[in-house]
Amino acid sequence: MDQIDAPGWDGEFAVARYDRAASAWLILALHSTRLGPAAGGTRLRVYPDFRSALHDAFALSRSMTWKFAAADVPRGGGKAVLALSRPLTPEQREGLLMRYGTLVAELGGRFYTGPDVGTAPLDMDVVARTAGPFVHARTQRAGGAGDSGRWTALGVHSAMRAACAAAFGSPSLRERRVLVQGAGSVGGTLIDLLLGEDAQVMLCEIDPQAAAPWRDDARVRVVEPAAMLDTPCDVLAPCALGGVLDLHAVQRLRCRVVVGAANNQLAHPQVAAALHAHGILYAPDFVVNSGGAVAITGMEALGWSVAEAEAQVCRIGERLSAVLGRARDEGIDLHQAALRAAADRLRIAPRETGN
Ligand code: PHE
């Protein structure tokens with residue numbers, strides 16, 4: 001018999017509800033409310049089985065805790081996974097999102113959500129019909145702050161400049177060969193920012209529709225997915241799904257720097273040490289990809305102006321530089337250093353009272 005436990009998960013609680021109408025699982029994992037109410041995106045996609053969806057929710061919720069701690073924003077970590085067994089029609093999808101909103105409402109403000117892989121501000125409008133005030137990044141028409149992807153890209157860009165300063169002696173991205181994996185809401189904006197700085201952009205995208213805006217753009221070289229890891233470049237920017245970096249990938253990589261938006265890029269934590277040993281500067285994902293969550297939470301819940309949000313997101317490069325300094329001082333890899341910094345914040349934070 002399978003053991004009943006949650007191996008490796010140290011979160012507070014999780015809820016799984018089966019939605020018969022859509023043959024889907026709604027999984028909500030609250031990792032930590034130590035720094036504030038938990039916040040995290042809603043991921044919606046087909047999963048091969050329940051276990052992998054649960055595993056994703058656990059790992060992603062933990063990263064949200066680290067992300068907010070690293071960014072010094074008073075929010076805890078959580079994540080929702082809407083695990084489909086098959087693609088849905090628009091009507092089925094809408095029904096599912098509304099039933100999911102009811103679940104968010106039932107948590108009464110312990111969990112705030114926003115968009116993630118497979119969802120967008122329009123979906124957040126739908127979720128908010130039943131979830132009420134606990135939904136971030138609704139469309140501007142519905143009174144929300146809109147897309148978070150652009151903000152995430154801005155933060156990744158700031159981090160990329162800081163990483164290049166450390167690896168190449170200059171933050172400039174001019175003529176830098178940057179391979180972007182994934183042209184979704186974050187990767188797409190990142191490509192535009194990079195082109196604006198005259199970087200040599202390469203794009204690897206499995207979805208032809210997402211790659212379409214750059215198909216006829218002579219400034220963007222398209223790289224086949226099978227060749228991605230072996231393609232020589234200065235910077236690799238994973239902006240698609242997680243788990244891209246495992247020990248095999250480390251052997252194949254021909255880049256000096258990895259800075260990207262994808263959550264949970266490391267297949268397991270030891271990969272960080274392997275990257276370090278290979279002389280590859282891996283910028284911890286949860287430090288560099290916080291721009292969307294930070295800016296939207298700040299503007300919608302903490303009273304920040306747009307200018308304040310921008311200033312916070314543009315500090316992500318500095319935060320990465322601090323992590324680089326700590327790694328150097330303590331003789332550890334960047335992932336460990338970022339974890340230590342996040343753990344320090346979580347330890348000294350006063351415990352939330354009342355629950
Ligand atoms: N997808 C975002 C992330 O992983 C989640 C998020 C977006 C949370 C917007 C709050 C607001 O960081």
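Helix 1 (50-71) and helix 10 (291-301) each supply at least two residues of the shell around the ligand, where helices (H or I, at least four residues) and strands (E, at least two) are DSSP runs numbered from the N terminus. The model is predicted, so that local features need pLDDT of at least 70 and side-chain atom pairs count only at pLDDT 80 or more, while totals for chains, interfaces and linings use all residues. Residues are numbered from 1 along each chain as its sequence is written, and side-chain values use heavy atoms, with hydrogens and water left out.

The shell around the ligand consists of Gly41, Met64, Lys67, Lys79, Pro115, Asp116, Ser148, Asn263, Ala293 and Ile296, a residue being counted as near if one of its heavy atoms lies within 4 Å of the molecule. Among these, lysine 79 has a side-chain N or O atom 3.1 Å from an oxygen atom of the ligand, and asparagine 263 likewise places a side-chain N or O atom 3.1 Å from a ligand oxygen. At proline 115 the partner is a polar backbone atom, which lies 2.9 Å from a nitrogen atom of the ligand. Taken alone the ligand exposes 330 Å², of which the protein buries 93%; these accessible areas come from the Shrake-Rupley method with a 1.4 Å probe, and for residues only the protein chains shown count as cover.

Of the two helices that contribute to this shell, helix 1 has 22 residues, which at 1.5 Å a residue should span 32 Å, and its end C-alpha atoms are indeed 32 Å apart; the expected span is 1.5 Å times one less than the number of residues. Just after helix 1, aspartate 72 takes a positive phi of about 60 degrees. Helix 10 is mostly covered, with 8 of its 11 residues buried, where buried means under 20% relative accessible area, exposed over 50%, and partly exposed in between (1.4 Å probe, protein chains only). The buried residues are Gly291, Gly292, Val294, Ala295, Ile296, Thr297, Gly298 and Met299, and they pack against helix 1, helix 4, helix 11 (306-313) and helix 12 (316-330). Glycine 303, which follows helix 10, has a positive phi near 75 degrees.

Two residues in the loop between helix 3 and helix 4 can be followed from here. Histidine 136 is found in this loop, helix 3 being residues 121-131, and counts as buried because its relative accessible area is 7%. Its side chain is joined to that of glutamate 300 by a polar contact of 2.8 Å, the term denoting a pair of N or O atoms within 3.5 Å, of which, within protein, one must be able to donate a hydrogen and the other to accept it, with residues adjacent in sequence counting only if both atoms are side-chain atoms. Alanine 145 lies in the loop between helix 3 and helix 4 as well, and is buried at a relative accessible area of 18%. Leaving out residues up to four places away in sequence, alanine 145 touches Arg138, Gln140, Ile296, Met299 and Glu300, contact meaning heavy atoms within 4.5 Å.

Helix 4 leads on to the nonpolar interior. Its 20 residues should span 28 Å at 1.5 Å a residue, and its end C-alpha atoms are 27 Å apart, which agrees; 15 of the 20 are buried. In the largest nonpolar core, which has 86 residues, Tyr100, Phe111, Met160, Leu190, Ile191, Leu194 and Val259 touch the most other members, and helix 4 (residues 149-168) gives the most to this core, with 10 residues. Such a core is a set of buried Ala, Val, Leu, Ile, Met, Phe, Trp, Tyr and Cys residues joined through side-chain atoms within 4.5 Å. In soluble globular proteins, nonpolar side chains tend to be buried together. Beyond its neighbours within four places in sequence, valine 259 is in contact with residues including Val156, Ala159, Met160 and Ala163. Apart from this core lies another, of 22 residues, among them Leu236, Val244, Val250 and Tyr282.

A last stop is arginine 86, in the loop between strand 4 (76-84) and helix 2 (90-106), which counts as partly exposed because its relative accessibility is 34%. The side chain of arginine 86 makes a polar contact of 3.3 Å with the side chain of serine 23.
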